[in-house]
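Subject: Structure handover

Hi,

Here is the structure I promised you. Please open it next to this message, and then read on for what turned up.

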Amino acid sequence: MSEKKEFKAESKRLLEMMINSIYTHKEIFLRELISNASDAMDKLYFKSISDGKETVSRSDMQITIELDKGDRRLTISDNGIGMTKEELENNLGTIAQSGSFAFKTENEKTEDVDIIGQFGVGFYSAFMVAKKVTVISKAYGNDEAYMWTSEGAEGYTIAPAEKDSHGTTITLEIKDNSDEENYDEYLTPYKIKALVKKYSDYIRYPIKMDVEHEKLKEGTGVDGKEPEYDKEIVTETLNSQIPIWKKAKNELTDEDYNQFYKDKFHEYSDPLLHIHSKTEGTATYSALLYIPERAPYDYYSKNFEKGLQLYSSGVMIMEKCADLLPDYFSFVKGLVDSEDLSLNISREMLQHDRQLKIIAKAIEKSIKNELKKLQKNDREKYEKFFDAFGTQIKYGIYESYGANKDELQDLLIFKTSNGVSSTLEEYVSRMKEEQKYIYFASGSSVSRIESLPQTELVRDKGFEILYLTDHVDEFCLQMMHDYDGKEYKSVSADDLGLETEEEKQELKKEEEDNKPLFDFLTEKLNGKVKAVKLSQRLKKHPVCITSEGMLSVEMEKVLSAMPDSQGAKAEKVLEINPNHAIFEKLKSLYATDKDKTAEYADLLYSQALLIEGIPIENPVDFANKMCEIMAEN
Ligand code: ADP
């Protein structure tokens, strides 16, 4: 009756990785299997409640571990929801998150350790220590039980089996010792106890194991008699079962919090920050929130799902409750446990639940406060956080058209021309008395921005400049409009507010005197620029591109890189330094050789584009013309 089947391709590869044990922490297999067992019991409890049928009693639920050294067997049993034949096939024959595995294959260089960490391969980790795995399972409410067996990547079989009651029993036939690895350990009670304590202490169901104790034989060991011992089997509960979030903060160490995080969310590195809050009042809840150290690989993709685990009085009722987190804090992981929520509340009802809304608001506030605290007290850590998730916060401001500005603007930090990472508040506090605007410059990197000609004048005045290196930065600033009444101003903006009236008049006169030249240059550039002008902001550099209107050159770059680019264009202005020799050259050429002047216009425009990091339309033509000129001299 049994049929041998092959694993789905990607599962097979993962399995091979497991079997060849690329991961050094083989011991985590136990945690993975215990977690699955615990989830299975949660599911059963929840199902029995929502079915409204006779409730299964939680106090009967337990996980049992048995060791058989002789047969090299480690067995983990639960009386949870169990699996049907189809579920055995679907859950254990394919890797759940195959999308994530596809990612791995595209990024072969990624470290294997990370792969397992990020994808929580769960059940398959059994193959790190076992040469054969047998799963016997009976789904709750079903009469038939089935047995799934596999000796590795070759495939698996499923056959009918006998099992008294619902639940799952997983038997691992432990590998033989090798030079590198002592697998025997996993058959000793001492090691198993230590592993449960380390990884699964907070599992809410008792994890029980029969342990052999030695008991002094009565009448021995006294009155000078040699002590003799009887062997006695005692069923021990290996875990403390108290959920960490129910404990008092002062009972817990950072290590406890971090261990729980890694255990619960299948993470392999410590979080950057944990937030443990208990609140009573309009809403009674405990929350344990974590900010990961870095963004998951799919964070900025459509596949990413935000959400916190939701518990009602210690029972998990939802795996990912999205309503508990605003999008701009979607990177937060964690759980919320509240007595105010009913156990069998439906997803739809939950969305409108007043209590849940109050909790969500309170959570948002505490995340924000903790981030502000971190920003103040540990800037280095905060910068790490901002590197990972700052973009999301900026999107939060941009996408709300600035409505979230007050909530979020103080979380932003930018690199600046002072060589620091600065909040807006800090920037403003350093502003000079005569400084009207918050200046910013955009570019793909700090070093690129530092060499931008457009920054010359602002720098000359000794004003600090915010460096915008993130795609969303300029859009975000545009939505925010000002900070504390101080408007943002691009160093490429039309009017920097730095020129004296006299200087402006002087420039204007120079332009008017040479109007035919400027008209000619603009015309020859044939719609590529809106105007050619003399520049106030250039000191040493000959030319630069600036823009008029809402869309900057940098924003145009970002927009045109987007898949649904509408071809939005910045209104570009070619600025020429009036004090540069090139201006004199243009004037004299215009008087004698119009064709050459037109060629120069093209060259200057191309150079200005290159400075901005914008590719020029015809690099070959550009290079040829440059060489011609070089050869002339
Ligand atoms: P994950 O737990 O991350 O979903 P696993 O590979 O560990 O991935 O398990 C795959 C699926 O197999 C689980 O989601 C669950 O549906 C099922 N499963 C695993 N162990 C058990 C168990 N002891 N009882 C019931 N179902 C289980």
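Which residue in β11 does Thr279 stand opposite? The partner is Tyr285. Before the rest, one caution: this is a predicted model.

**The β10-β11 hairpin**

Thr279 and Tyr285 belong to a hairpin. Strand β10 covers residues 273-279, and strand β11 covers residues 285-291. The two pair in the antiparallel sense, over seven bridges. Five residues sit between the strands. One of them, Gly281, takes a positive phi near 145°.

**The ligand site**

Next, the ligand. It is surrounded by 13 residues. The closest are Asn36, Ala40, Asp78, Asn91 and Phe123. Three of these make polar approaches that you can check on screen:

- Asp78: an N or O atom of its side chain is 2.9 Å from a nitrogen atom of the ligand.
- Asn91: an N or O atom of its side chain is 3.2 Å from an oxygen atom of the ligand.
- Phe123: here a polar backbone atom is involved, 2.8 Å from an oxygen atom of the ligand.

How much of the ligand does the protein bury? Taken alone, the ligand exposes 530 Å², and the protein buries 82% of that. Two elements give two or more residues to the shell around the ligand: α2 (28-51) and α3 (85-93). The largest share comes from α2, with four residues. By class, the shell has six nonpolar, five polar and two charged residues.

**The six-stranded sheet**

Now to a sheet further along the sequence. Six strands form an open sheet, in the order β16-β15-β18-β17-β20-β19. The pairing is mixed. At the edges stand β16 (421-422) and β19 (482-483). Each has a single partner strand, so one side of each is left without a neighbour in the sheet.

For one pairing inside the sheet, look at β17 and β18 (residues 465-468). They run in the parallel sense and share four bridges. Phe440 has Leu466 in β18 as its bridge partner.

**The cavities**

How many cavities of 30 Å³ or more are there? The count comes to two.

The largest cavity holds about 120 Å³ of space. It is lined by 16 residues. Nearest its centre lie Ser442, Ser490, Ser492, Glu554 and Glu612. Strand β17 (438-442) returns here: β17, β22 (543-548) and α18 (553-561) each supply at least two residues of the lining. That lining has six nonpolar, seven polar and three charged residues.

The second largest cavity holds about 50 Å³ of space. Its lining includes Ser442, Glu554 and Glu612, three residues that also lie nearest the centre of the largest cavity. Others in the lining of the second largest cavity include Gly443, Ser444, Arg448, Lys557 and Gly613. Helices α13 (446-450), α18 and α20 (594-612) each give two or more residues to this lining. By class, the second lining has three nonpolar, four polar and four charged residues.

**Where to start**

If time is short, begin with Asp78, Asn91 and Phe123 around the ligand. Then turn to Ser442, Glu554 and Glu612, which are among the residues lining the second largest cavity.

Best wishes

Key: Residues are numbered from 1 along each chain as its sequence is written. This is a predicted model: local features need pLDDT of at least 70, side-chain atom pairs count only at pLDDT 80 or more; totals for chains, interfaces and linings use all residues. Side-chain values use heavy atoms; hydrogens and water are left out. On a 1 Å grid over the protein atoms alone, a cavity is a set of points where a 1.4 Å probe fits but cannot get out, and a pocket is an open set with protein on both sides within 12 Å along at least five of seven lines; lining residues have an atom within 4 Å of a point. Grid points are joined across faces, edges and corners, and a volume is the space filled by probe spheres set on the points. Ala, Val, Leu, Ile, Met, Phe, Trp, Tyr, Cys and Pro count as nonpolar, Asp, Glu, Lys and Arg as charged, and the others, Gly among them, as polar. A residue is near a molecule or strand if one of its heavy atoms lies within 4 Å of it. A polar contact is a pair of N or O atoms within 3.5 Å; within protein, one must be able to donate a hydrogen and the other to accept it, and residues adjacent in sequence count only if both atoms are side-chain atoms. Accessible areas come from the Shrake-Rupley method with a 1.4 Å probe; for residues, only the protein chains shown count as cover. Two strands pair if DSSP finds at least two bridges between them.
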